[in-house]
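Colleague: I've got this one open on my screen and I'd like to learn how to read it. Can you walk me through it?

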Amino acid sequence: MAILVVNNISKHFGGLQALFKVNISVEAGTTHSLIGPNGAGKSTLLNVLTGQIEPNEGSVVFKDRPLLNITPHKINQLGIARVFQTPAIFPEMVLLENVMAAVFASRDGAYKFNLLESRRHAQSVANFAIEILEQVGLQHKIRSEARFLSRGDKRRLELAICLAHKPSLLLLDEPTAGMARHETESTIELLRSISKKNMTIVIVEHDMNVVFALSDTITVLSQGQVIAEGIPDHVRGNPAVIEAYLGKEHA
Amino acid sequence: MGIINRGTIHLTVFALIVLTFPFWFEYTGGYAGLDTKIIIWAIFALGFDLLLITGYLSFGHAAFFGISAYATGLMLLHYSSNIIEAMIVGVVVSTIAAVIIGFLTLRRTGIYFSVLTLAFGEMFHTAAVSIFSGLTGGENGLTGLPTPTLFGEKMQGSNVFYLCAIFLIIGFYLARRITRSPFGLMLKSLKSNQTRLEYIGINVQFYKNSAFVLSSIYAAVAGSLMVIYEPYVATEFLEWKTSGTLVIMSVMGGVGTLFGPMIGAAFMLYFENVASVFLEEQWLLALGIMFMAIVVYLPGGFVDGYKRMMRHWVKKNQA
């Protein structure tokens, strides 16, 4: 069953056609990668999905619900979490607070005027936050400030923040960008363990090792259009894909 | 941990310091009346800190202090000398203004927000001395107010002090609870990374507005108490200088620490009134130099200085 359906999405910025009649269907419980050369429209598409950019035409349906024209926080409350290219965390707060904020957001919704509730007495929230931090392997650092983490650990923390919501769809924008090889490998392992928990994941990624290690389905975008889609082996040998990446003479 | 936890101890110590303030303040060179003024400004600064926690620097909080002061003054003058109605009207009117101004200014961040609040503040000040001068007494301020009363008791001298002290203690208790609540965590997160906060499903605008209104309620209470302390409303209550003083107090004391801005308020008023006796006209210059030194060498203010000293001391003792 498709959890996310992108129908005929087009977006232009002035004269630049960033997306042109893009159709993508993401099956529940799978890991779906969006790849393509620079400027293919991958990030624009992610921004459309999370409400940052309004498309010129087309529709997005998530769990049978139209997703356009609603604010990012509402999209998040519907069960879509997003990991940014540069880890978006709360740098001045300790790890536990980082994740607890997300758990509270999940428990209380978009706004709650609970001025007098004690955070310290919210044991179940703290326990769940610790559980998630364990899941991403940061349990030893819960009391340290997030800004002191390595790039790889910041990414783990961001994933923990996203998982706090128990999202049904996780969007990852280049999760291994700027990482050393060993960090990339451990991030792949982490993502694999997350995807095994029946989570639907959409990844935008440049690193083909990551893409082929994780994907069930790959969609290739080039100049705003879908040029190929299918299982990794099918996409790997596709001449249109090779041409888009390497030029005509290689195809 | 039992009934007595750290929070209770902090609050008790704080309450004791505040309630005994008049008894030891005179030994430090302070004079009667200045203690009440310090307490009122501490309420103002404490509430301001609830907004600063979110990373939004308002340069227009004088508006809420002043609006409440005028409303209280007008109630005392035209309705009754009883402070209960006067305070309630002062705070309610000011809060309504805060809801509207917050809604309009919090759409912008950083310097744009600060400038917008400054503009709104000045707008109220200008209105008070021009088009509304019939109501506000114009440049002369609102004069001829009766001595305020509470249940028939005249509010003068130590009566006013203890009224203000009770408000400060309750205000401190609430501010502490707020910063330690899930709501407070959202305010802190707002300063740290607004985008991420939005992407964990939080309606950022609502939280910003709430913090703005909460801080303005403190400002309104302080403004109202100022009129009860000294039955006179000066136009300078609405002036940008009042907002500026509040910012300087907060920065000197330590933004986001609750204690800091209150200490900053006490320090500044003490300095203004006591140190100026021997520094005469030069006290502002001395204050300016101190302010710069703090911003450059101790960005966390007095509270940060205290923490550094304690760390240093602990290290030294361990060595």
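Modeller: Sure, confidence comes before anything else, as this is a predicted model. Where pLDDT is low, the predicted coordinates should not be read in detail.

Colleague: Where in chain A is confidence lowest, and where is it highest?

Modeller: The low end is helix α9 (residues 239-246) of chain A, with a mean of 80. The high end is helix α3 (residues 95-108) of chain A, at 96. For chain A as a whole the average pLDDT is 91, and 98% of the residues score at least 70.

Colleague: Good. Now the sheet: in what order do its four strands run?

Modeller: Read across, the order is β2-β1-β4-β5 in chain A; the sheet is open and the pairing antiparallel. To spot an edge, look for a strand that pairs on one side only: here those are β2 (16-27) and β5 (65-66) of chain A.

Colleague: And how many bridges hold β4 and β5(A) in their pairing?

Modeller: Two, with β4 of chain A spanning residues 57-62. Across that pair, A:V61 sits opposite A:P66 of β5(A).

Colleague: What does helix α1 of chain A lie across?

Modeller: Helix α1 (residues 42-49) crosses β1 (2-13), β2 and β4 of chain A, at about 65 degrees to β2(A).

Colleague: Why is α1(A) described as largely enclosed?

Modeller: Count its buried residues: six of the eight in α1(A) are buried, so the rest of the structure largely encloses this helix. Among them are A:L45, A:L46 and A:L49. Just past α1(A), check A:G51 too: its phi is positive, about 80 degrees.

Methods:
Residues are numbered from 1 along each chain as its sequence is written. Chains are lettered from A and ligands numbered from 1 in the order in which they are written. This is a predicted model: local features need pLDDT of at least 70, side-chain atom pairs count only at pLDDT 80 or more; totals for chains, interfaces and linings use all residues. Two strands pair if DSSP finds at least two bridges between them. Two residues are in contact if their C-beta atoms, placed from the backbone, lie within 7 Å. Axes are lines fitted to C-alpha atoms, for helices over the stretch in contact, and angles run from 0 to 180 degrees between N-to-C directions. pLDDT is the predictor's confidence in each residue, from 0 to 100. A residue is buried if 20 or more other C-beta atoms lie within 10 Å of its own, exposed if 12 or fewer, and partly exposed in between; C-beta atoms are placed from the backbone.
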